[in-house]
Amino acid sequence: AADPYRGTGSGGQSGSFVYETGGGSGEEILTVLGAHEGFAGMKREKGFGMVDGETAEKLIKKAMEAREKAYAPYSRFYVGAALLTEAGQVYTGCNIENAAYGPSNCAERTAFFKAVSEGERSFLAIAIVGAGEESSGQYAAPCGVCRQVMAEFCRPEDFTVIIANTAGEYYVRTLGELLPDGFGAANLQKT
């Protein structure tokens, strides 16, 4: 049986959300009509969270383009990410390595930090494409630090993480599936 959490880059699964081409800051891809809270009552397409298959594939394409800009002379593992905001803007990021390793930054965090520095605070999905120089079938799920950054700005049950390889094959998880029982702002509230 086909895995409902996987796609092949051939149109994917259609969702129940309305999209149109939009403008604004960041890279333009689509505008999601309606507020994020308005999606709460809508049926979630299994494996696609807040985006449909067509949107997932557009994000993967943007992540592949971002991957081409990665600076990874030490690991030679190149990663690109494309982050979709609630307003329909896409911010891309790539991994940026440093000889001391500690100051290196992942593609996902680069995309988030770019978006947040531009005033964005509401996000729907991120696509991540990563692989070594010679591999097209490899997947790169976000590291623990990136998952924690995502949790700072996203609702784990809704935020969609699209993990693709360079051949365009992908699988989808929610942030809640990748970071169960995550630590967040609620843990710091005084009782």
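Me: Helices here are DSSP runs (H or I) of at least four residues, numbered from the N terminus. With that settled, how many residues apart are K58 and E54 in helix α1?

Reply: Keep in mind that this is a predicted model. The side chains of K58 and E54 meet in a salt bridge, at 3.5 Å from N to O. In helix α1 they are separated by about one helical turn, and their spacing along the chain is 4 residues.

Me: Are K58 and E54 buried, partly exposed or exposed?

Reply: Buried means under 20% relative accessible area and exposed means over 50%, with partly exposed in between. K58 has a relative accessible area of 35%, and E54 has 47%. Each value falls between the two cut-offs, so K58 is partly exposed and E54 is also partly exposed.

Me: How many salt bridges does a search of the whole structure find, and which residues do shared partners join into one network?

Reply: The whole-structure search gives 4 salt bridges. R155 meets E157 at 3.6 Å, N to O, and R155 also forms a salt bridge with D158, where the closest N and O atoms are 2.0 Å apart. Through these shared partners, one network joins R155, E157 and D158.

Me: Which residue, R155, E157 or D158, is buried?

Reply: R155 has a relative accessible area of 32% and is partly exposed. E157, at 48%, also counts as partly exposed. With a relative accessible area of 15%, under the 20% cut-off for buried, the buried residue is D158.

Me: Now to helix α2: how many of its 11 residues are buried?

Reply: Helix α2 spans residues 107-117 and is largely enclosed by the rest of the structure. Among its buried residues are A107, E108, R109 and T110, and A111, F112, A115 and V116 are buried as well. The count of buried residues in α2 is therefore 8 of the 11.

Me: What covers the buried residues of α2, and which residue just after α2 takes a positive phi?

Reply: The cover includes strands β5 (77-85), β6 (89-94) and β7 (123-132), along with helix α3 (144-153). Just after α2, a positive phi of about 100° is taken by G119.

Me: Is F112 buried or exposed, and which residues does it touch beyond four places away in sequence?

Reply: F112 is found in helix α2, and at 1% relative accessibility it counts as buried. Its C-alpha atom is 9.4 Å from that of A81, a residue 31 places away along the chain. Leaving out residues up to four places away, F112 touches L83, F123, I126, V149, M150, F153, C154 and F159.

Me: Which residues form an aromatic cluster with F112?

Reply: The structure holds 6 aromatic pairs. Some of the residues that F112 touches, including F123 and F153, turn up again in its cluster. The partners of F112 in this one cluster are F123, F153 and F159.

Me: How many of the residues of β7 are buried, and which residue of β8 is the bridge partner of I128?

Reply: β7 and β5 run antiparallel and are joined by 9 bridges, with L83 standing opposite I126 in β7. β7 also runs parallel to strand β8 (residues 160-164), with 5 bridges between them. β7 is mostly covered, with 10 of its 10 residues buried, and the partner of I128 in β8 is I163.

Me: What kind of aromatic pair do Y74 and Y101 form, and how many residues apart in sequence are the parts that it ties together?

Reply: The ring centres of Y74 and Y101 are 6.1 Å apart and the planes are at 65°, over the 60-degree cut-off, and the pair is edge-to-face. Y74 lies in the loop between α1 (53-67) and β5, and Y101 in the loop between β6 and α2. The pair thus ties together parts whose separation in sequence is 27 residues.

Me: How much accessible area does the nonpolar surface patch with Y74 and Y101 have?

Reply: Y74, at 39% relative accessibility, counts as partly exposed, while Y101, at 54%, counts as exposed. Both values are over the 30% that patch residues need. Y71, Y74, I96 and Y101 form the patch, and their accessible area together is about 440 Å².

Terms used
Residues are numbered from 1 along each chain as its sequence is written. This is a predicted model: local features need pLDDT of at least 70, side-chain atom pairs count only at pLDDT 80 or more; totals for chains, interfaces and linings use all residues. Side-chain values use heavy atoms; hydrogens and water are left out. Buried means under 20% relative accessible area, exposed over 50%, partly exposed in between (1.4 Å probe, protein chains only). Helices (H or I, at least four residues) and strands (E, at least two) are DSSP runs, numbered from the N terminus. Contact means heavy atoms within 4.5 Å. Rings of Phe, Tyr and Trp (its six-membered ring) pair if their centres lie within 6.5 Å; planes under 30 degrees apart count as stacked, over 60 as edge-to-face and the rest as tilted. Patches are made of residues with over 30% relative accessible area and no salt bridge: like charges are joined within 9 Å, nonpolar side chains (Val, Leu, Ile, Met, Phe, Trp, Tyr) within 5 Å. Accessible areas come from the Shrake-Rupley method with a 1.4 Å probe; for residues, only the protein chains shown count as cover. Two strands pair if DSSP finds at least two bridges between them.
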